[in-house]
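Here are my notes on the model you shared, set out as numbered points. I hope they are handy to have beside you as you look around the structure.

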Amino acid sequence: GKVDLEPLKGEWVKLVGKDAFPGEDAGPPVRDGPEAASRLCAARGHGGFVVWQNTAFLRARPAAELAANARNAAGTVLWLRAADLASSQLRRSSPASAAC
C-alpha cells in the first residue's frame, strides 16, 4: 500500500531518491507515517526527515543544510520543512561558502 503524502504538500519540499547526513538520526525512528514525522519534526524545530522503507528518520540540521548536502540514495525520500528553508534563505547575508 502506498502512503498518501499529499497532506504534506505546501509546507514541505519533497526530494525523491535523496538522503542527507545518513545515520545522523535525531531520536528514534518514526513508524507512524510521514504526517506524524512531519508534526514531530516541526514541533522540535528540525529541518527535515528522511523516509526509507516506510520509516521516518528525523534530521535536526537546518533544512538549507540538509538541501545543500542531499545525496542520491535509492528508495529514500528527503522531506525539508519549507518554512525553515525560507527563513534560512532570508537570514543568509553572506555567501554559503563562508560556512566551510
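1. Leaving aside its neighbours within four places in sequence, which residues is His46 in contact with? Keep in mind that this is a predicted model. The contacts of His46, with those neighbours set aside, are Ala26, Cys41, Leu58, Arg59, Ala60, Arg61 and Arg81. His46 itself sits in the loop between H1 and S2. Its relative accessibility is 11%, and since buried means under 20%, His46 counts as buried.

2. Now to the overall plan. The chain has three helices and four strands, and reading from the N terminus these elements follow the order β-α-β-β-α-β-α. Among the 100 residues of the chain, 39% count as buried. The accessible surface amounts to about 6,000 Å², with carbon and sulfur atoms holding 53% of that area. If you look at contacts with a separation of 6 or more, 67% of them are between residues 24 or more positions apart.

3. The sheet is worth a look next. Its four strands make an open sheet, ordered S1-S4-S2-S3, with antiparallel pairing. Strand S1 (12-19) and S3 are at the edges with a single partner strand each, so each has one side without a neighbour in the sheet. On average, neighbouring strands are turned by 25 degrees against each other, ignoring direction.

4. A closer view of one strand pair: S2 and S3 run antiparallel and are joined by five bridges. Within this pairing, Phe49 has Leu58 in S3 as its bridge partner. Both Phe49 and Leu58 come back in the next point, as members of the largest nonpolar core.

5. That largest nonpolar core contains twelve residues: Trp12, Ala26, Val30, Ala36, Ala37, Cys41, Phe49, Val51, Ala56, Leu58, Val77 and Trp79. At least two core residues come from each of helix H1 (34-44), strand S2 (48-52), strand S3 (55-59) and strand S4 (71-81). The most come from H1, which gives three. Ala37 is a good residue to click on here: beyond residues up to four places away in sequence, Ala37 touches Val30, Phe49, Ala56 and Leu58. Another core lies apart from this one and has nine residues, including Val50, Leu66, Leu80 and Leu85.

6. Finally, the aromatic rings. The structure has two aromatic pairs. In one of them, the ring centres of Trp12 and Phe49 are 5.3 Å apart and the planes stand at 70 degrees, so this pair is edge-to-face. Trp12 belongs to strand S1 and Phe49 to strand S2, and the pair links parts of the chain that are 37 residues apart. Both Trp12 and Phe49 are buried.

7. How are the rings of Phe49 and Trp79 arranged, given centres 6.2 Å apart? Their planes are at 15 degrees, so this pair is stacked. Because Phe49 is in strand S2 and Trp79 in strand S4, the pair ties together parts 30 residues apart in sequence. Trp79 is buried, as is Phe49. Taken together, Trp12, Phe49 and Trp79 form one aromatic cluster, and these three residues also appear among the members of the twelve-residue core.

Definitions and conventions
Residues numbered from 1 in each chain as written. Predicted model: local features only at pLDDT ≥ 70, side-chain atom pairs only at ≥ 80, totals over all residues. Heavy atoms only, no water. Buried < 20%, exposed > 50% of the residue type's maximum accessible area, 1.4 Å probe, protein only. Contact = heavy atoms within 4.5 Å. Areas by Shrake-Rupley, 256 points an atom, 1.4 Å probe, with all protein chains shown as cover. Core = buried A, V, L, I, M, F, W, Y, C linked by side-chain atoms within 4.5 Å. Pairing = 2+ DSSP bridges. Axes fitted to C-alpha atoms, helices over the stretch in contact; angles between N-to-C directions. Phe/Tyr/Trp six-rings, centres within 6.5 Å; stacked < 30°, edge-to-face > 60°.
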